[in-house]
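Trainee: I have a new model on my screen and would love to talk it through with you. Could we go over it one piece at a time?

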Amino acid sequence: MILSGLRELQVHIRWMIRRDMAEVLQIERASFEFPWGEDDFIQCLRQRNCIGMVAEHDERIVGFMIYQLHRTRLHVMNFAVDPNCRRMAIGSQMVSKLASKLSPHRRSQILLEVRETNLDAQLFFRKEGFRAISVLRDFYEDTTEDAYLMQYRFQQPVETEAASPIARLAG
């Protein structure tokens, strides 16, 4: 199903459940040259600190993300949007969901690796506020390809002058 012509697709982001696996695997295979298999997903999700979430539209999964919770950061292990639904702000909504879990006192950053040949992902994450902070040489098991380690840092909401109690006292 191609949803062309849409600018932004509003999605519901929820916890991944076992029943979602077939659709998640379909998106995974359509998105990556070296896709995870079902065992890879299950092995990752069985870890106590690993979370899976899906983006759903009209009861159809259009994206997913797998991330690990660490003491000071979130680490994205896998992230994909159905190729037929890209450029509809689904990935942006998923990144916003992740960013909403950050705080200055606990987990203050999101980290992820992107293949050096995956320019689309590099540009997408850069647009979302991630920055490449290092190159990981020969990172992948399936190739000798390098990866960029990308980081998103928590940003404190900017207070407007009118909302500041000091501004009201001055004058």
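Trainee: Let's start with F130: is this residue buried or exposed?
Mentor: Keep in mind that this is a predicted model. A residue counts as buried when its relative accessible area is under 20%. For F130 the value is 1%, so F130 is buried.

Trainee: F130 and Y152 form a ring pair; is it stacked, edge-to-face or tilted?
Mentor: A ring pair is described by the distance of the centres and the angle of the planes. Planes under 30 degrees apart count as stacked and those over 60 as edge-to-face, with the rest called tilted. Here the centres are 5.4 Å apart and the planes meet at 45°, so the pair of F130 and Y152 is tilted.

Trainee: How many residues apart are F130 and Y152?
Mentor: Y152, like its partner, is buried, with a relative accessible area of 15%. F130 sits in the loop between α4 and β6, while Y152 belongs to strand β7. Their pair therefore links distant parts of the chain, and the separation is 22 residues.

Trainee: Which kind of pair do F79 and F125 make?
Mentor: The structure holds eight aromatic pairs. For F79 and F125, the centres are 5.2 Å apart and the planes stand at 70°. Since planes over 60 degrees apart fall in that class, this pair is edge-to-face.

Trainee: Which parts does that pair of F79 and F125 tie together?
Mentor: Both rings are covered: F79 is buried at 14% relative accessible area, and F125 is buried at 6%. The two residues are 46 apart in sequence, so the pair ties together strand β4 and helix α4.

Trainee: Which residues do ring pairs link into a cluster?
Mentor: We have already met four of the members in the pairs of F79 with F125 and F130 with Y152. F124 belongs to the cluster too. The full set is F79, F124, F125, F130 and Y152.

Trainee: Now the largest pocket: which element supplies the largest share of its lining?
Mentor: This pocket holds about 1,600 Å³ of space and is lined by 45 residues, with F32, N78, F79, N118 and A121 nearest its centre. By class, the lining has 22 nonpolar, ten polar and 13 charged residues. Among the elements that each supply at least two residues are α1, α2 and α3. The largest share, seven residues, comes from β4.

Trainee: How many residues of α3 are buried?
Mentor: Helix α3 spans 90-99 and supplies at least two residues of the pocket lining. Its buried residues include I90, M94, V95 and L98. The helix is mostly covered, and of its ten residues the number buried is eight.

Trainee: How many disulfides are there?
Mentor: A disulfide is a covalent bond between the sulfur atoms of two cysteines. The cut-off for the two sulfur atoms is 2.5 Å. The sulfur of C44 lies 3.0 Å from its closest cysteine sulfur, in C50, which is too far for a bond. The count of disulfides is zero.

Trainee: One more: is I17 buried, partly exposed or exposed?
Mentor: I17 is found in the loop between β1 and α1, and its C-alpha atom is separated by 8.8 Å from that of V54, 37 residues away along the chain. Buried means under 20% relative accessible area and exposed means over 50%. I17 has 36%, so the term for I17 is partly exposed.

Note on methods:
Residues are numbered from 1 along each chain as its sequence is written. This is a predicted model: local features need pLDDT of at least 70, side-chain atom pairs count only at pLDDT 80 or more; totals for chains, interfaces and linings use all residues. Side-chain values use heavy atoms; hydrogens and water are left out. On a 1 Å grid over the protein atoms alone, a cavity is a set of points where a 1.4 Å probe fits but cannot get out, and a pocket is an open set with protein on both sides within 12 Å along at least five of seven lines; lining residues have an atom within 4 Å of a point. Grid points are joined across faces, edges and corners, and a volume is the space filled by probe spheres set on the points. Helices (H or I, at least four residues) and strands (E, at least two) are DSSP runs, numbered from the N terminus. Ala, Val, Leu, Ile, Met, Phe, Trp, Tyr, Cys and Pro count as nonpolar, Asp, Glu, Lys and Arg as charged, and the others, Gly among them, as polar. Rings of Phe, Tyr and Trp (its six-membered ring) pair if their centres lie within 6.5 Å; planes under 30 degrees apart count as stacked, over 60 as edge-to-face and the rest as tilted. Buried means under 20% relative accessible area, exposed over 50%, partly exposed in between (1.4 Å probe, protein chains only).
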